Amino acid sequence: MSNEVAIKVDNITKVYKLYNKPKDRLIETLGFSKKRRSTDHYALNGVSFDVKKGETVGIIGTNGSGKSTILKIITGVLSPTDGKLTIDGRISALLELGAGFNQEYTGMENIYLNGTMIGFTKEEIDEKLQDILDFADIGDFVYQPVKTYSSGMFVRLAFAVAINIDPEILIVDEALSVGDVFFQNKCYKKFEDFKAAGKTVVFVSHDLSSIAKYCDRVILLNKGDKLAEGGPKEMVNLYKKVLVGQAPADLNINPDSEVYGDGKAEVFDIFIEDENGIRTNTIIKGTDYKVGCKVKFNEPIKDPIVTYTVKDIKGTDICGTNTMFERVDTNLGKDVISVTFKQHMNLQGGEYLLSFSCTGFEGDTFVVHQRRYDAVNMTVISEQNKVGFFDMESEITVE
């Protein structure tokens with residue numbers, strides 16, 4: 001490998017075996033049947049690329065394209081099924097923050113544990129300790145077991161350890177938008193310092209503005225294949241073409257959605273539709289889109305209310321509406337109705353979950369006929385994120 005190359009990914013393939021039934025895995029593993037009981041799923045299919053030392057490379061693609069898989073292979077969390085990986089430099093990864101933390105250890109003990117796992121000596125960690133403590137800014141809680149931390153403190157310490165250990169290669173997977181706004185600002189500043197110092201960075205994000213701002217080169221993945229690589233603007237434009245070309249079959253419905261209610265109605269055929277009328281889980285910020293569902297009535301219901309809500313992946317309710325709020329008549333005298341909500345996408349880039357329901361009133365009593373929590377995920381692609389959940393679409397004048 002050239003001395004200028006920090007990471008060389010050479011024809012990497014990652015295959016998972018999928019089984020229809022749990023017992024099929026056991027039967028195939030023990031060799032009790034000559035018939036193959038699994039199918040192969042290619043998370044990555046012969047992917048190759050180089051990352052030069054001092055270069056910041058972004059990886060983009062839709063959900064299921066293989067982005068996180070390739071990062072986990074680079075960091076050693078996963079092993080490839082085939083192909084060769086060569087690394088020249090010490091790696092720190094911002095993947096699943098705090099994944100290596102021991103819940104029973106104090107924050108201080110976990111700092112040394114994680115530093116040692118990366119390959120640093122106690123003396124080297126000692127030199128970085130004050131930077132880590134200042135960055136995390138959790139005070140004396142660093143001397144308490146991390147199992148007593150709030151989620152915010154946990155993330156702050158995990159991020160501080162990963163980014164202040166001063167590795168030669170930094171791997172980042174959607175981890176720069178953690179904590180409150182002020183901590184996020186600190187994270188981005190540290191990331192810029194890291195890049196300015198000539199470190200090597202591999203960066204995965206749905207926030208295309210960050211990809212365009214920080215990356216020297218971008219790799220576009222789709223369903224395990226590398227489609228292309230090149231300049232950020234060129235790859236972002238190509239990515240949008242991929243999104244437009246997605247087929248309806250790509251819509252990802254949550255099979256483990258929580259469903260409950262009295263059964264007088266059933267919510268089904270949930271969908272998200274982009275501005276081109278294509279069913280997809282991915283919507284581009286600034287475009288028009290639709291969400292909706294069908295409702296089957298098993299019993300007559302007067303004034304049924306059809307609802308949908310949006311929340312982030314942490315479970316925070318962000319927005320939503322329903323046919324009652326919008327003063328839409330749902331008494332159509334049909335066994336099945338189709339309800340569509342059309343709106344303009346001004347959520348920030350990121351991952352969201354949509355829930356749908358059919359509710360109503362029996363006298364003065366509110367009843368749930370069927371509610372489907374977290375029924376479908378929605379990815380918002382943004383070229384420019386602002387503060388908070390929504391873009392206020394401000395027009396700024398300076399005179």
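This is a short talk on the sheet and the helix packing in one structure.

Okay, before anything else: what you're looking at is a predicted model.

Let's start with the sheet. There are 3 strands in an open sheet, and the order across is β2-β1-β4, with antiparallel pairing. The edges belong to β2, residues 38-52, and β4, residues 82-87; each of them has a single partner strand, so one side of each goes without a neighbour in the sheet. From one strand to the next, the twist averages 20°.

Now zoom in on β1, which covers residues 5-19. Its antiparallel pairing with β4 runs over 5 bridges. If you want a spot to click on, go to Thr13, which sits opposite Asp82 in β4.

What lies across those strands? That's helix α2, residues 67-74: α2 lies across β1, β2 and β4, and runs at about 120° to β1.

Next, the helix pair further along the chain. Helix α3 is residues 107-118 and helix α4 is residues 122-136, and the two pack at about 130° with their axes 10 Å apart. Oblique is the label for α3 against α4, because the range for roughly antiparallel only begins over 145 degrees. As for handedness, α3 passes α4 in a right-handed crossing.

So who's touching whom? From α3 you get Met108, Ile111, Tyr112, Gly115 and Thr116, and they meet Lys122, Ile125, Asp126, Leu129, Ile132 and Leu133 in α4. Sort that α3 with α4 contact by class and you have 7 nonpolar, 2 polar and 2 charged residues.

That's it from me, thanks.

Definitions and conventions. Residues numbered from 1 in each chain as written. Predicted model: local features only at pLDDT ≥ 70, side-chain atom pairs only at ≥ 80, totals over all residues. Heavy atoms only, no water. Pairing = 2+ DSSP bridges. Helix = DSSP H or I, 4+ residues; strand = E, 2+ residues; numbered from the N terminus. Axes fitted to C-alpha atoms, helices over the stretch in contact; angles between N-to-C directions. Contact = heavy atoms within 4.5 Å. Parallel < 35°, antiparallel > 145°, perpendicular 65-115°, else oblique. Left-handed = near helix turned anticlockwise from the far one by under 90°. Nonpolar A, V, L, I, M, F, W, Y, C, P; charged D, E, K, R; others polar.
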